[in-house]
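The following exercises invite the reader to study a protein chain step by step. Each task is followed by a worked solution.

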Amino acid sequence: MSYSSLQVAPVHPSQQRNFQDLMQAHHYLGALPKIENTIWYGTTAEDQGWHY
């Protein structure tokens with residue numbers, strides 16, 4: 001799969017619960033806690049919407 005337009009941005013505070021749920025379900029380390037000033041990032045690809 002290739003994308004001509006890819007954007008990366010911090011996960012908005014209102015989306016952090018969704019981000020953690022997706023990490024728990026799909027990442028091999030699961031959902032890790034935020035430590036101090038951790039910033040989580042998500043990506044958008046063309047018109048596909050957010051991907052964490």
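In this predicted model, 59% of the contacts between residues at least 6 apart in sequence join residues at least 24 apart.

**Exercise 1.** Determine how many helices and strands the chain has, and in which order the elements run.

*Solution.* The count gives 1 helix and 3 strands. Read from the N terminus on, the order is β-α-β-β.

**Exercise 2.** State what share of the 52 residues is buried, and what area the chain exposes.

*Solution.* Buried residues account for 17% of the 52 residues. The chain exposes about 4400 Å², and carbon and sulfur atoms supply 52% of that area.

**Exercise 3.** Classify the aromatic pair of the structure and locate its two members.

*Solution.* The structure holds 1 aromatic pair. The ring centres of Phe-19 and Trp-40 lie 4.8 Å apart, with their planes at 25°. Planes under 30 degrees apart count as stacked, so the pair is stacked. Next, the location: Phe-19 belongs to helix 1, whereas Trp-40 lies in the loop between helix 1 and strand 2 (41-45). The pair, 21 residues apart, thus links distant parts of the chain. Phe-19 and Trp-40 are both buried. Finally, Lys-34 lies over the face of Trp-40, 5.0 Å from the ring centre.

**Exercise 4.** Decide whether Ser-14 is buried or exposed, and describe its setting.

*Solution.* Ser-14 is found in the loop between strand 1 (6-10) and helix 1 (16-26). Its relative accessibility is 55%. Exposed means over 50%, so Ser-14 counts as exposed. The side chain of Ser-14 also forms a polar contact of 2.9 Å with the side chain of His-12.

Methods
Residues are numbered from 1 along each chain as its sequence is written. This is a predicted model: local features need pLDDT of at least 70, side-chain atom pairs count only at pLDDT 80 or more; totals for chains, interfaces and linings use all residues. Side-chain values use heavy atoms; hydrogens and water are left out. Helices (H or I, at least four residues) and strands (E, at least two) are DSSP runs, numbered from the N terminus. Buried means under 20% relative accessible area, exposed over 50%, partly exposed in between (1.4 Å probe, protein chains only). A polar contact is a pair of N or O atoms within 3.5 Å; within protein, one must be able to donate a hydrogen and the other to accept it, and residues adjacent in sequence count only if both atoms are side-chain atoms. Contact means heavy atoms within 4.5 Å. Accessible areas come from the Shrake-Rupley method with a 1.4 Å probe; for residues, only the protein chains shown count as cover. Rings of Phe, Tyr and Trp (its six-membered ring) pair if their centres lie within 6.5 Å; planes under 30 degrees apart count as stacked, over 60 as edge-to-face and the rest as tilted. A charge sits over a ring if NZ of Lys or CZ of Arg is within 6 Å of the ring centre and within 35 degrees of the ring normal.
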